[in-house]
Amino acid sequence: MRKVKVGIVGCGKISGIYMENINKFEILELAACADIDRARAEEQAARYGVPAVCTTEEMLQNPDIEIIINLTIPALHASICLAALHAGKHVYVEKPLAITREEGKQVLALAKEKGLLVGSAPETFFGSGIQTALSLIENGAIGKPVGATAFMMSRGHENWHPDPEFYYALGGGPMFDMGPYYLTALVQLLGPIRRIAGMTGKALEQRTITSEKKYGNKISVQVPTHVAGTLEFEQGAIATLIMSFDIFGGSDLPHIEIYGTEGTLRVPDPNGFGGPVLLRRIGEKDWGEQPLLPGYKENTRGIGPADMAYALQSGRPHRASGELAYHVLEAMWAFHDSSDNGAYHEMISRCNRPASLPLDLTLYELDK
Ligand SMILES: NC(=O)c1ccc[n+]([C@@H]2O[C@H](COP(=O)([O-])OP(=O)(O)OC[C@H]3O[C@@H](n4cnc5c(N)ncnc54)[C@H](O)[C@@H]3O)[C@@H](O)[C@H]2O)c1
């Protein structure tokens, strides 16, 4: 196994956990970080011991760096991925893969043309929570899955994120922000989606920032903030979904449930790596908490790029793939298109379900 050097572009809020985790994976070495705000890159580099700070251009010219991890805001995901691919780098990008399907397709096409890999968050499905749920479904614990629900009921991000504007601009909104976690988990658990119907709405035209740095600033809401819909999976199951930033009084709806002919599975928050995973089989009054498979229960962001580094050495497929992220991107738009057009969206893209993680691996290794 050869160590693969990676560089991070975008040293904002989410970068810390990547910086903390990357060097825990034997196959990865975090070599440098870059941000348009150099002071921010320097601050994060000092905090997490990143050996070099450079510009994005310098990083792309550095022949030692093989994978670029793109942690910029959604509006820049595609352009920075394309620049990295043009420079001959593999690229792993935070969710969503891109804002538009056209940009997403361009990223996948360029990678294919250049023989490079594209990976994309979320990577939370590598966690013990979703892996355990998957194993229970595959082992018949709920019989044949026939339905599912997925709910992300939130009031938005302007009360905690220092720069929350992007959540209310094109590429933001609850579906593009949180939908990737829920849809990726559903695809992992139930396979690819066949068709989607959606309705969208917006409770507020303007929001007021109450996080510290920009307290009192107004944000004009440019995207739907309440998205509801129905999905039919190729294997026949039908899921009901709500992704919302318009839930001001809170909600107790579960994150994800899968309904089968012999029982119901309650799946943990797909924005985390751990449990609990709960099962209630026909005739049972109470939920039974299921033992989690060994593996990753804590925030292990960075595991997606590590899996990619193994894949590029062995030639096996990587799990958090561009194809999976594109299928999810098409699905996210499908809810909005269906609402605008008053018609089902028949999915065009397909993707393979990512392989489950083998159980006999040492922590922070992804291949034997
Ligand atoms: N914040 C979270 O909790 C969280 C969680 C999971 C995923 N994400 C995803 O991670 C991504 C980043 O989110 P964030 O919250 O860290 O945002 P952020 O605004 O805190 O950080 C983005 C960083 O990108 C930098 N940047 C902007 N333009 C750049 C350019 N041209 N070149 C280099 N750097 C540039 C900014 O200066 C900033 O430091 C988003 O796609 C988001 O959806 C965020």
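This is a chat about the ligand site and some backbone features of a predicted model.

Colleague: Before I dig in, what are the ground rules for this model?
Modeller: It's predicted, so local features need pLDDT of at least 70 and side-chain atom pairs count only at pLDDT 80 or more, while totals for chains, interfaces and linings use all residues. Numbering runs from 1 along each chain as its sequence is written, and side-chain values use heavy atoms, with hydrogens and water left out.

Colleague: Cool. How many residues surround the ligand, and which are the closest?
Modeller: There are 24 around the ligand (a heavy atom within 4 Å), and the closest are Lys13, Ile14, Asp35, Arg40 and His161.

Colleague: Where does the ligand lie relative to the domains?
Modeller: Domain 1 (4-120) and domain 2 (126-289) both give residues to the shell, so the ligand lies between them. Those bounds come from an automatic or database domain assignment.

Colleague: Which backbone atom of Lys13 lies 2.9 Å from the ligand, and what's its partner?
Modeller: A backbone N or O atom of Lys13, and the partner is a ligand oxygen. Ile36 has a polar backbone atom 3.2 Å from a ligand nitrogen.

Colleague: Switching topic, where are the cis peptide bonds at Pro96 and Pro122?
Modeller: Lys95 to Pro96 is cis, omega near -10°, in the loop between strand S4 (90-93) and helix H5 (101-114). Ala121 to Pro122 is cis too, omega near 5°, between strand S5 (118-120) and helix H6 (128-138). Helices (H or I, at least four residues) and strands (E, at least two) are DSSP runs, numbered from the N terminus.

Colleague: And what's the phi of Tyr364?
Modeller: Positive, about 70°, although Tyr364 is not a glycine.

Methods
A polar contact is a pair of N or O atoms within 3.5 Å; within protein, one must be able to donate a hydrogen and the other to accept it, and residues adjacent in sequence count only if both atoms are side-chain atoms.
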